[in-house]
Amino acid sequence: MRTLEEPTDRQENHVLFDRLSALDIAVFVVDGVDLSPGAAIPSDGDPRIDRALAGFLFTCGPDHIRHPEPIDGGADGARYPLHGSLAGTPVSHTEMGEGGNECTATIDVALADGGQARVERRWRIDGEGQEVVLEDRVVNVGTSAFPPAMMYHLNIAGRLLGPDARILSASIENGARAWRFGEGESAHFCVPAAVGRDGWSQVTLANLAGLGGRDLRVRFRADTLPFLQMWRCQRGEADVISIEPVSHRIAKRPELAERGELVPLSPGEAQSYAIAFAVV
């Protein structure tokens, strides 16, 4: 990985940002191969998510993750949107660092419950040029508290995975499993993230045939993203697998609230998250 700038004829390895959707990653190309699934995705009927899911990385949150649910205390029929309010939100400000190895952005988000949040986003490439790092700071800039929730979807085209591809992580039983986990055309799992000495967790999608047997390694800060979720879909024209570091286990919002797992963020307070990925 050499640059975070938009691609040119001289670049084989690059990321292409989607400035109309939170500065998520629309394209991730390694040695001329795009890892993102493109059109090979299922549709949930929400154009924001269809656009985001086709890219390599999109972000759920900061007020809700997963499927729509009623807003507690909201008007009749009011619901949190699919995957929250961030997807489809244009960036308010972006700035590229010298050399193209860093990019910062500000995204102002109108929350579904009427609140306001700001996502301060920083993308950078590490000093050795091998790992792309994302650092997010979610700030409550509204007048009422809300419980932040975040999930990062790293979407990989299933066409790149052969029968020998494996999922490797201390977070899963026995440390490894086949990439076509579960039964049927679609499956998912969510497990507590195993935490390393540095406070980060790691998962690897190993032996990608479409990348000459190389691995996609994903790391994430486990204090604010304490769960590893993964999802795959091979249904009809869809062929995608996703690595999804996430702030909350799979449960409905009332259950999470009852057990104290929806922790309010007061006006002026902030919560930070970080993920990193590399092809090795």
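In this predicted model, five secondary-structure elements each supply at least two residues of the lining of the largest pocket: the helices α1 (47-53) and α2 (253-258), together with the strands β11 (151-157), β14 (186-192) and β17 (227-233). The volume of this pocket comes to about 660 Å³. Its lining comprises 31 residues, and those that lie nearest the pocket centre are Arg66, His67, His83, His188 and Gln229. Sorted by class, the lining of the largest pocket holds 14 nonpolar residues, nine polar ones and eight charged ones.

The second largest pocket has a volume of about 360 Å³. It is lined by 16 residues, with Asp72, Tyr80, Pro147, Arg253 and Leu262 the closest to its centre. Two elements give two or more residues to this lining, namely β5 (69-70) and α2. Of the elements involved, α2 gives the most, with three residues. Helix α2 is thus a handy landmark for the reader, as it appears in the lining of the largest pocket and also in that of the second largest. The class make-up of the second lining is ten nonpolar, five charged and one polar residue.

Turning to the strands, an open sheet is formed by nine of them, and a reader crossing it will meet β7, β8, β9, β10, β19, β16, β15, β12 and β13 in that order. The pairing in this sheet is antiparallel. At its edges lie β7 (93-96) and β13 (176-178), each of which pairs on one side only. From one strand to the next, the twist averages 15°.

One pairing within the sheet can be followed in more detail. Strand β8, spanning residues 102-110, pairs with strand β9, spanning residues 116-125, in the antiparallel sense, and nine bridges connect the two. Among the residues involved, threonine 104 has arginine 122 of β9 as its bridge partner.

Finally, a word on confidence. The mean pLDDT of the protein is 93, and 95% of the residues reach 70 or more. A stretch with values below 50 is found over residues 6-11. Beyond near neighbours in sequence, this stretch makes nine contacts in the model. Where pLDDT is low, predicted coordinates should not be read in detail.

Methods
Residues numbered from 1 in each chain as written. Predicted model: local features only at pLDDT ≥ 70, side-chain atom pairs only at ≥ 80, totals over all residues. Heavy atoms only, no water. pLDDT = per-residue confidence, 0-100. Contact = heavy atoms within 4.5 Å. 1 Å grid on protein atoms, 1.4 Å probe; cavity = no way out; pocket = protein on both sides within 12 Å on 5 of 7 lines; lining within 4 Å. Points joined across faces, edges and corners; volume = space filled by probe spheres on them. Helix = DSSP H or I, 4+ residues; strand = E, 2+ residues; numbered from the N terminus. Nonpolar A, V, L, I, M, F, W, Y, C, P; charged D, E, K, R; others polar. Pairing = 2+ DSSP bridges. Axes fitted to C-alpha atoms, helices over the stretch in contact; angles between N-to-C directions.
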